[in-house]
Amino acid sequence: MKQEERGLAGLEKLLDDVAEISAWCAGAGIPMLSVYERTGALKDHIQRTHRAVSSKLHSYFGRHVPTLQIQAPHIPSFLDGDELGRASSSAGHLSILLLSEEDGRATLVDLTKTLTEMSQRNKLSADDISLDLIDAEISESVMTEPDLLILFGPYVKLQGYPPWQIRLTEIYHSQDNSGVGYQVFLRALYNFAKAQMKFGR
């Protein structure tokens, strides 16, 4: 959320955008959506986010609304309005993960400090620290790697998006775009469907 958009009107616009994208994902059969908002406004209003998305899903799908789970790192999950300690992503038809800047580099720094302390206390050997261990720890505490990252803006600006998780992610942006739009969403899916994943050495 931009500085000038802060406040109630900015939050309402943000909630509406997230609800629209959620409905598009549910309609396209995409079971997992992660939404990055740098300041954490969505995470601060997780119940309100759930209500906005649920309402939009009802308007799109009527009686056949998919179940909805909203979660954020280090915050209890919500499955159709009920607070859960930790829900699995297979619990509903649409799972939404809310992310903010604090889930990015700060998580890497905290993990590095923790692994260093464990190594210094001989609870973990330096040889045990590997990319697989780091990947497993970050995947468990924040998220796994998304397949596709859609930027709804004219420039590629990640603004603190968790860097570890996008090593192999297809990133899509459109230079002629200045906000959330269905055409951008469809073009991103179309381009992703044609993408070839080439893993180098």
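Start by selecting Ile70 and Ile96: Ile70 stands opposite Ile96, which sits in β5. Strands here, like helices, are DSSP runs numbered from the N terminus (E, at least two residues, for strands; H or I, at least four, for helices). What you have open is a predicted model, in which local features need pLDDT of at least 70 and side-chain atom pairs count only at pLDDT 80 or more, while totals for chains, interfaces and linings use all residues. Residues are numbered from 1 along each chain as its sequence is written, and side-chain values use heavy atoms, with hydrogens and water left out.

**Around β5**

Widen the selection to β2 and β5: they run parallel and are joined by 4 bridges. Then add β1, which also runs parallel to β5, with 5 bridges between them. Strands pair when DSSP finds at least two bridges between them. For a landmark, pick Tyr36, whose bridge partner in β5 is Leu99.

Now show the side chains of β5. Leu94, Ile96 and Leu98 point one way, Ser95, Leu97 and Leu99 the other. In a regular strand, side chains alternate between the two faces of the sheet. Which of these β5 residues are buried or exposed? All are buried, where buried means under 20% relative accessible area, exposed over 50% and partly exposed in between (1.4 Å probe, protein chains only). With 6 of its 6 residues buried, β5 is largely enclosed by the rest of the structure.

**Into the core**

Keep Ile96 and Leu98 selected: they touch the most other members of the largest nonpolar core, which has 29 residues. A nonpolar core is a set of buried Ala, Val, Leu, Ile, Met, Phe, Trp, Tyr and Cys residues joined through side-chain atoms within 4.5 Å. α1 (8-28), β1 (32-36), α2 (41-44), α3 (46-61), β2 (68-72), β5 (94-99) and α6 (182-194) each supply at least two residues of this core. Colour α1 separately, as its 10 residues are the largest share.

Next, look at what surrounds Leu98. Leaving out residues up to four places away in sequence, its contacts (heavy atoms within 4.5 Å) include Val35, Leu42, Ile46, Ile70 and Asp103.

**A buried glutamate**

Move to Glu37, in the loop between β1 and α2. At 4% relative accessibility, Glu37 counts as buried. Draw a distance from its side chain to the backbone nitrogen of Ala41, and you should get 2.8 Å.

**Along α6**

Select α6 and check its length: its 13 residues should span 18 Å at 1.5 Å a residue, and its end C-alpha atoms are 19 Å apart, which agrees. The expected span is 1.5 Å times one less than the number of residues.

Val184, Phe185 and Ala188 are the buried residues of α6. Look down the axis: these buried residues fall within an arc of 100°, so they line one face of the helix. That arc is taken from the directions from the helix axis to the C-beta atoms. They pack against α1, β6 (148-151) and β7 (170-173). Flip to the face turned away from the buried side for the exposed Gln183, Tyr190, Ala193 and Lys194.

Just along the chain, Gln196 lies in the segment after α6 and is exposed, at 62% relative accessible area. Glu170 is 26 residues from Gln196 in sequence, with 9.7 Å between their C-alpha atoms.

**Last stop**

Finish at Asn122, in the loop between α4 (105-120) and α5 (131-141). Asn122 has a positive phi of about 60° although it is not a glycine. Most residues other than glycine have a negative phi. Asn122 counts as exposed, at 69% relative accessibility.

Note on methods: Polar contact = N/O pair within 3.5 Å; in protein donor to acceptor, adjacent residues only side chain to side chain.
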